[in-house]
Structures are given as C-alpha cells and as structure tokens.
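Please open the structure in your viewer and keep the selection tool at hand. The tour proceeds from one selection to the next.

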Amino acid sequence: MHTVAIDDLALETLMLPFERGLLPWPGEGGVLFLRARDGWPLHQRPVPGLVCEQSFKPDADALTRAGLALVAPEDTSRYALVLVLPPRQREESRALYARAVERVAPGGRVVACVSNNEGARSAQDDLRKLTGAVGDVTKNKCRVFWSAPLHVDDSPASLDTTLQAQWLQLDAPRPIAGGRFISRPGVFAWDRIDPASALLAAQLPADLAGVAADLGAGFGYLSAELLGRCPAITALDLYEAEARALELARTNLGAVATTATLGYHWHDVTTGLPKQYDVIISNPPFHTQGSSYRPDIGRRFIAVAAEALKPGGRLWLVANRHLPYESVLTDSFGSVRTVAQDDGFKIIEATKAVPARAAQPERPFVRTRPGGRSL
C-alpha cells in the first residue's frame with residue numbers, strides 16, 4: 001500500500017488536470033517528474049512512462065520503495081511531459097523551470113504545482129514569464145499551472161530563450177565566504193556560514209581524535225573546520241541527504257590540506273549509520289524540505305549518533321536553544337554538558353558511557369599436591 005504520513009496536497013493538486021481531463025497523460029514519449037515525491041496520487045491511476053528525479057535521499061528512497069524509476073540528474077533525455085514540484089528557494093526554483101523547459105520534447109508541456117503559502121502565484125508568474133500564457137487550477141490551498149505545448153511553431157507558447165539561458169545559471173555553484181567555499185542556492189545556508197555551525201566550530205577542542213563523522217554535512221563547512229582544528233582526526237565520513245550539497249562538500253574538502261581519509265555518503269541519517277566512530281559532529285536539521293517544524297528529526301540524529309559512537313566516543317552538537325533535545329541526550333549518553341550558549345544556540349558535548357567491566361567468575365579453590373597435581 002502506497003501512503004504518506006501527511007497528505008501531500010501539492011502532489012495531489014499536481015495530478016488534478018489529468019484526473020479532470022484538462023490535460024492528457026502522454027501515451028508515448030514518457031513523463032519526467034522533477035523533485036518528485038511519492039504519495040497516493042501517483043498510484044490511484046496508471047502513470048505509464050513516468051520516471052522521477054530526486055536529489056533528497058529520503059524522498060528518493062520512498063520513490064524506489066514504491067517501485068518508481070529514478071533517473072540521474074545527468075540524464076538529458078527529452079519527454080512529452082515534465083512535472084515539477086518546485087522548491088521554495090526562488091533562484092533554485094527558476095533554474096528548475098528552465099531545466100524543465102529544456103527537457104520537454106517538441107509539443108510537450110511543463111506542469112507545476114505550488115502551495116499558496118509557499119508563493120503559488122509568484123511561481124505561476126515565473127512560468128508565464130518563461131513560456132508565455134499558462135493554464136491553472138486551484139484546490140487544496142495549492143495552485144497547479146501548465147505551459148502551452150513547447151518547441152513547436154503553431155503553439156501559443158512564447159518561450160523566452162534568453163530568460164531561459166539566464167535562469168539555467170541561477171543555481172550554479174559559486175564562491176562564498178570570501179572564496180573559501182563553493183555553494184549554490186537551495187542547500188542549507190547556501191550563501192553564508194551558518195552562525196550556529198560557526199559557534200560549534202569555535203568550540204571544537206583540539207584533542208578530538210580518531211575516526212569521525214559529520215551528520216548532515218551540508219556543503220562541508222563543519223567538516224573543514226574539524227580537520228583544521230583537530231589534527232589527530234585520521235578519517236572523516238560526511239553524511240548528507242541532499243546530493244547537491246554533498247557534491248559541493250566533495251569539492252570544498254578537496255581543497256583542504258589533510259592526511260585524513262575522507263568518505264562522502266548520500267545517506268538518510270535517520271535510518272542509522274553503517275559503522276562506529278570515535279567522534280561525531282552535527283548541526284542536525286529540524287525542518288523538512290517543505291519547512292515543516294520537525295524536532296523529531298534532530299532527536300533521531302542524536303539517537304543515531306549514540307548508536308554509532310564507540311564507548312567513550314564524543315558527540316559535539318549545536319542546536320537552537322529552544323529545541324527539546326535534553327531527554328534523548330540524557331537517555332542516550334553517559335554524560336552531557338552544555339559547553340556554550342550564545343545568540344539563541346547551545347553547544348553540547350555528550351560522551352557515550354563506557355560499560356563497566358563484567359565481573360569475572362571466581363575460580364574454585366583447588367588443593368594441589370606438591371608438584372602441581374590436584375588432590
């Protein structure tokens with residue numbers, strides 16, 4: 001059974017034009033779904049030819065579990081229909097529209113949906129600027145909108161190819177922080193050093209040593225700081241759910257002088273970690289991709305860190321001061337201390353308990369003869 005924990009109203013509304021017969025589902029030519037998410041609207045009727053692209057690991061895994069095909073971002077095939085669930089970040093969203101237009105075969109359309117509270121009208125205006133007149137339907141406090149057939153001479157569409165070329169570059173990687181890092185729109189704190197992460201980096205002690213992991217590594221800032229401040233780190237694994245961010249981290253850490261062995265993992269941390277560590281650092285997320293408040297994600301990061309640390313291993317964590325992490329910290333670790341609090345953030349060091357050595361069974365007293373033989 002294909003379900004989602006919370007109704008995905010944008011996904012439901014995206015499929016509305018096909019359910020109402022306002023648009024035909026292509027019989028051939030295929031359908032590409034950019035920023036795809038799984039949910040019951042994809043399974044209530046046949047969707048022949050549908051393939052999905054998703055760079056966020058939890059959503060990609062859900063699509064795979066549902067039996068939906070995934071394509072790599074490097075795929076350049078063109079499709080009779082391109083569906084889009086645009087992200088909230090405006091530059092990334094506009095770049096995605098431009099790429100959707102690029103992936104449409106002659107005579108095909110782009111269909112997108114955005115919730116009202118995430119700027120549906122502005123999103124529709126963006127597609128109109130790019131392709132000309134658009135159709136639309138509103139329902140579920142969302143707006144679904146679509147282009148006229150593209151790349152054909154007799155279509156009412158008026159594609160602005162100059163704007164398309166400009167928008168394709170809007171989420172291109174670029175230098176930030178005085179050129180120290182490369183980042184791009186759409187990843188966490190993409191255009192700056194996140195102040196919470198900076199506070200954690202400033203508190204990292206130089207004696208952290210051994211095999212380390214960065215959970216939710218983003219574009220690699222905390223990992224770079226750990227390597228620079230803690231020369232006894234021998235290996236570092238970066239775990240990041242957003243593939244676009246992980247590729248940036250790979251580039252950014254490639255410029256760091258270190259003898260540590262580096263590993264890059266496109267991974268949903270909430271599913272657990274595959275190995276044990278001496279040190280874990282993290283600025284865990286507490287929102288979903290859709291910006292819903294989800295402190296349970298941060299709590300799960302902490303529980304997973306506790307499971308993955310060796311006895312005596314240390315977690316260094318930053319969080320907003322109001323986040324309710326104390327109970328999972330005290331339940332999961334032998335000792336917990338707040339190292340610093342500033343600007344609404346708290347820095348916590350938690351150390352995994354070392355199990356007491358099991359008592360050795362007493363050996364029975366045996367009398368022996370001279371020479372060592374038992375009586």
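Begin by selecting strand 1 together with strand 4 (residues 79–84): the two run parallel and are joined by 4 bridges. The model shown here is predicted. Within this pair, Val 31 lies opposite Leu 81 of strand 4.

Next, add strand 2 (residues 50–53), which also runs parallel to strand 1 and is connected to it by 4 bridges. Here Leu 32 has Val 51 of strand 2 as its bridge partner.

Now display the side chains of strand 1 (residues 31–34). Are its two faces covered or open? Both are covered: Val 31 and Phe 33 on one side, and Leu 32 and Leu 34 on the other, are all buried.

Proceed to helix 4 (residues 90–102). Its 13 residues, at 1.5 Å a residue, should span 18 Å, and the end C-alpha atoms are indeed 18 Å apart, so the expected and modelled spans agree. At the start of the helix, select Gln 89, a side-chain oxygen of which comes to within 2.9 Å of the backbone nitrogen of Glu 91. Then colour the buried residues of helix 4, among them Arg 94, Leu 96, Tyr 97, Ala 98 and Val 101.

Finally, select Gln 164, located in helix 6 (residues 161–168). Is this residue buried or exposed? Gln 164 counts as buried because its relative accessibility is 11%, under the 20% limit. Leaving aside residues up to four places away in sequence, Gln 164 touches Ala 98, Val 101 and Glu 102, as well as Leu 130 and Leu 159.

How values were computed. Residues are numbered from 1 along each chain as its sequence is written. This is a predicted model: local features need pLDDT of at least 70, side-chain atom pairs count only at pLDDT 80 or more; totals for chains, interfaces and linings use all residues. Side-chain values use heavy atoms; hydrogens and water are left out. The expected span of a helix is 1.5 Å times one less than its number of residues. Buried means under 20% relative accessible area, exposed over 50%, partly exposed in between (1.4 Å probe, protein chains only). A polar contact is a pair of N or O atoms within 3.5 Å; within protein, one must be able to donate a hydrogen and the other to accept it, and residues adjacent in sequence count only if both atoms are side-chain atoms. Contact means heavy atoms within 4.5 Å. Two strands pair if DSSP finds at least two bridges between them.
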